[in-house]
Amino acid sequence: APLIDIDNISFEYEQTKALENISLAVEEGDFLAILGPNGSGKSTLLKIMLGLIKPTKGEIRLFGVDAKNFKKREWIGYVSQKSNSFNSGFPATVEEVVAGGLVKKTGLFRRLPKTAKANVKEALEAVGMEAFLDNRMNELSGGQQQRVFIARALVAQPKVLILDEPTVGIDHRNVQSFYNMLASLNRDKDITLVLVTHDVDTVTDRITHVACLNQTIHFHGFKNQLHT
Ligand code: ADP
Ligand code: ADP
């Protein structure tokens, strides 16, 4: 079964139709980019995938289970768009931030347990940030911070990772290497990736599938293109 299976869903806020008859399947191993201009429903679709809101109409299945009955929330990792903003004036270390991703699993801890330390190190290695374990977040560039937030999501060992506009705070010169890192998570660590962006230009050939939330976008160069 697809890991995420969205079948003909619609969603309406009180007055606004945010999504209408969207179908989309995320298969294991995909690296999917969901594209669409502002207001096309990308955030709404993410909230539905994450189980934060229920579609007004249609079905969603997660790992083959009706979303209502899906219990393994930790299998779906998420890095929000605004994760970057929390670190200003809050000089947490990289290790502390990544260990925060374990709290749901282990409960609060005063000192990081040994096994947790190993998990944190492994997650940082996966995003190429192991050398920055003891750095403070405010010493890092936007791209480095974003990698740390991805490590925080990875440390809980999700099978799918959902990223909301992950390249927004990254210097354009570093975007390619950021995508290379994501591609290696996808290829070498078997992480299924779903990325949301409004910026067609940031999408690279590292991505295996593209879904457009607005049919006026004509996006060339991808075989695996879905129009919703
Ligand atoms: P995107 O993420 O692509 O910018 P959104 O999912 O945020 O799109 O929004 C889709 C549509 O739904 C827009 O017209 C937006 O104004 C509207 N919308 C989003 N959130 C709400 C909300 N909480 N209440 C009412 N309307 C909303
Ligand atoms: P994003 O950057 O994730 O697209 P926005 O800045 O568009 O988010 O919106 C921030 C929050 O406000 C979201 O939770 C969204 O659901 C909500 N929102 C967006 N549009 C509207 C709207 N027209 N009315 C009420 N809430 C909205």
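## Helix α6

Helix α6 covers residues 175-188, which is 14 residues. From first C-alpha to last it reaches 20 Å, close to the 20 Å expected at 1.5 Å a residue. These values come from a predicted model.

Which residues of α6 are buried? They are V175, F178, Y179, M181, L182, A183, L185 and N186. An α-helix has 3.6 residues a turn, so residues three or four places apart point the same way. The cover over the buried residues of α6 includes two helices, α4 (114-126) and α5 (142-154). Strands β3 (31-35), β7 and β8 (192-197) also belong to that cover. After α6 comes D190, with a positive phi near 55°.

## D164 in strand β7

Strand β7 runs over residues 160-164 and holds D164. Is D164 buried or exposed? D164 counts as buried because its relative accessibility is 7%, and the cut-off for buried is under 20%.

Leaving out residues up to four places away in sequence, D164 touches S43, L46, Y78, V79, S80, Q81 and V196. One of these, S43, is also among the residues around ligand 1. Another, V196, lies within the residue range of β8 (192-197).

## The ligand 1 site

What surrounds ligand 1? The residues around it are Y13, T16, A18, P37, N38, G39, S40, G41, K42, S43 and T44. By class, this shell has 3 nonpolar, 7 polar and 1 charged residues. Helix α1 (residues 42-49) gives the largest share of the shell, 3 residues.

Oxygen atoms of ligand 1 pair with backbone and side-chain atoms. A backbone N or O atom of G39 lies 2.8 Å from a ligand 1 oxygen. For K42, an N or O atom of the side chain is 2.9 Å from an oxygen of ligand 1. For S40, a polar backbone atom is 3.2 Å from a ligand 1 oxygen. On its own, ligand 1 has 560 Å² of accessible area, and the protein covers 61% of it.

## The whole protein

How many helices and strands does the protein have? There are 6 helices and 10 strands. The protein has 228 residues, and buried residues make up 47% of them.

Take the contacts between residues at least 6 apart in sequence: 67% of them join residues at least 24 apart. The protein exposes about 12000 Å². Carbon and sulfur atoms supply 47% of that exposed area.

Methods. Residues numbered from 1 in each chain as written. Chains lettered and ligands numbered in written order. Predicted model: local features only at pLDDT ≥ 70, side-chain atom pairs only at ≥ 80, totals over all residues. Heavy atoms only, no water. Near = heavy atom within 4 Å. Polar contact = N/O pair within 3.5 Å; in protein donor to acceptor, adjacent residues only side chain to side chain. Areas by Shrake-Rupley, 256 points an atom, 1.4 Å probe, with all protein chains shown as cover. Helix = DSSP H or I, 4+ residues; strand = E, 2+ residues; numbered from the N terminus. Nonpolar A, V, L, I, M, F, W, Y, C, P; charged D, E, K, R; others polar. Buried < 20%, exposed > 50% of the residue type's maximum accessible area, 1.4 Å probe, protein only. Contact = heavy atoms within 4.5 Å. Expected span 1.5 Å × (residues − 1).
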